[in-house]
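Subject: Structure handover, with notes on its pockets, cavities and ligand

Dear colleague,

I am passing on the structure we spoke about, and I would be grateful if you could look it over before reading my notes. The notes follow directly below it.

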Amino acid sequence: MKSGSLLIGLLCVLSVAVVQADEPIVIKFSHVVAADTPKGKAAERFAELAKEKTGGRVEVTVYPNSTLYKDKEEVEALQLGAVQMLAPSLAKFGPLGVKEFEVFDLPYLFDGYDQLHTVTEGPIGDELLGKLSDKGLLGLAFWDNGFKVMSANKPLKEPKDFRGMKMRIQSSKVLDEQMRALGANPQVMAFSEVYQALQTGVVDGTENPPSNLYTQKMHEVQKYVTKSDHGYLGYAVIVNKAFWEGLPPDIRTALEEAMAEATVYANEIAKQENEDALVAVKESGKSEIIELTPEQKAEWMKRLAKVHREMADRVGKELIQSIYQATGNDMGKL
Ligand code: LMR
């Protein structure tokens, strides 16, 4: 009798062990934007590819729209191992101790995606991602979003129009300096709080690529959207280093392949997604789209060039110079 119950006990333990061995490895991927955005779609694509390439041994669960964590919390959650993968915008790496990523926030640093890719797909990008490993993180890829518009309830056509405006920004010193250079008062705020802050007048305006503006319905509470393309917003996909290095090597290789394919997809759709979002904003009739004249754009550039000089010590003079060289676009000359 005794040995019978021992045997049953042993069988139970064994079956639990078998179930555990069969259990998929779960990767929680948290992000703050809508599912229907370049980042949201790429995260879903990665999840599908990860499942396919590991024969179901890895299950990636994507939590969009700050449903799990807001901006600052998600980074803490990654460090603590509560989530395994994030793709924060490059403007949000300062608190992680890698201020160099704020270089991407410099106004007019890139004139279009081709110039951006000379950095994100070249040695400068690799070196930047490499800086994360000292922080217990691994940078797996850069994912594109797009070039930013400015929005408000008054038309923003010239730098003087920004005077005294409360503008929501991401947590980047370069963006803070950019808004100050325009004469505005920058206010750092989590992405999930922006819509309400615009609606209630806690802030007067903001900046974001059209895909974010549209999917958060910000255009419904902003009468004017200026197509200024004054800066870039994109992402680095990051994982907890200990978690990643602890994965079985075959799984890790399969996930690296999945990430490479998801990255190609992300960077193929981003431009079109943003163009479509701007058309949708226009068609909604809720905001008027303002195109800058060449003279107005030149004025914005002249006013914002000083941000490159003022932020050189923070993000790195050599890094800025190497980007000017890679892109051929030297704002420092203005
Ligand atoms: C923002 O906070 O405006 C963006 O970083 C959101 C995002 O992840 O695109």
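To begin with the largest pocket, helix α10 gives the largest share of its lining, namely six residues. Please keep in mind throughout that this is a predicted model. Three elements, α10 (249-284), β11 (288-291) and α11 (294-310), each contribute at least two residues to the lining of the largest pocket. This pocket has a volume of about 450 Å³, and 21 residues line it, with Gly112, Tyr113, Phe147, Lys227 and Asp229 lying nearest its centre. Sorted by class, the lining of the largest pocket consists of ten nonpolar, three polar and eight charged residues.

The second largest pocket has a volume of about 330 Å³. There are 16 residues in the lining of the second largest pocket, and those closest to its centre are Asp71, Lys72, Glu73, Pro95 and Ser171. Helix α3, which spans residues 71-80, gives the most to this lining, again by way of six residues. By class, the lining of the second largest pocket is made up of six nonpolar, three polar and seven charged residues.

Turning from the pockets to the enclosed spaces, the structure holds two cavities of 30 Å³ or more. The largest cavity contains about 90 Å³ of space. It is lined by 15 residues, of which Val32, Ser89, Lys92, Gln170 and Tyr235 are the closest to its centre. The elements that give two or more residues to the lining of the largest cavity are α3 and β10 (232-240), so that helix α3 is found in this lining as well as in that of the second largest pocket. In terms of class, the lining of the largest cavity divides into six nonpolar, four polar and five charged residues.

Where, then, does the ligand sit? The ligand is placed in the largest cavity, and the residues that surround it are Val32, Val33, Lys39, Ser89, Lys92, Arg168, Gln170, Phe191, Asn208, Asn212, Leu233 and Tyr235. This shell comprises five nonpolar, four polar and three charged residues.

Three side chains in the shell deserve a closer look on your screen. A polar side-chain atom of Lys92 lies 2.7 Å from an oxygen atom of the ligand, and for Arg168 the corresponding distance from a polar side-chain atom to a ligand oxygen is also 2.7 Å. In the case of Asn212, a polar side-chain atom is placed 2.8 Å from an oxygen atom of the ligand. On its own the ligand has 270 Å² of accessible area, and the protein covers 100% of that area. Lys92 may be a useful residue to start from, since it is among the residues closest to the centre of the largest cavity and also has the contact with a ligand oxygen described above.

The second largest cavity has a volume of about 30 Å³. Its lining is formed by Leu106, Tyr108, Leu109, Phe110, Phe147, Asp229, His230, Gly231 and Tyr232, which by class are six nonpolar, two polar and one charged. Phe147 and Asp229 from this list are also named among the residues nearest the centre of the largest pocket.

With kind regards

Terms used
Residues are numbered from 1 along each chain as its sequence is written. This is a predicted model: local features need pLDDT of at least 70, side-chain atom pairs count only at pLDDT 80 or more; totals for chains, interfaces and linings use all residues. Side-chain values use heavy atoms; hydrogens and water are left out. A residue is near a molecule or strand if one of its heavy atoms lies within 4 Å of it. A polar contact is a pair of N or O atoms within 3.5 Å; within protein, one must be able to donate a hydrogen and the other to accept it, and residues adjacent in sequence count only if both atoms are side-chain atoms. Accessible areas come from the Shrake-Rupley method with a 1.4 Å probe; for residues, only the protein chains shown count as cover. On a 1 Å grid over the protein atoms alone, a cavity is a set of points where a 1.4 Å probe fits but cannot get out, and a pocket is an open set with protein on both sides within 12 Å along at least five of seven lines; lining residues have an atom within 4 Å of a point. A molecule sits in a cavity or pocket if more than half of its atoms lie within 2 Å of its grid points. Ala, Val, Leu, Ile, Met, Phe, Trp, Tyr, Cys and Pro count as nonpolar, Asp, Glu, Lys and Arg as charged, and the others, Gly among them, as polar. Grid points are joined across faces, edges and corners, and a volume is the space filled by probe spheres set on the points. Helices (H or I, at least four residues) and strands (E, at least two) are DSSP runs, numbered from the N terminus.
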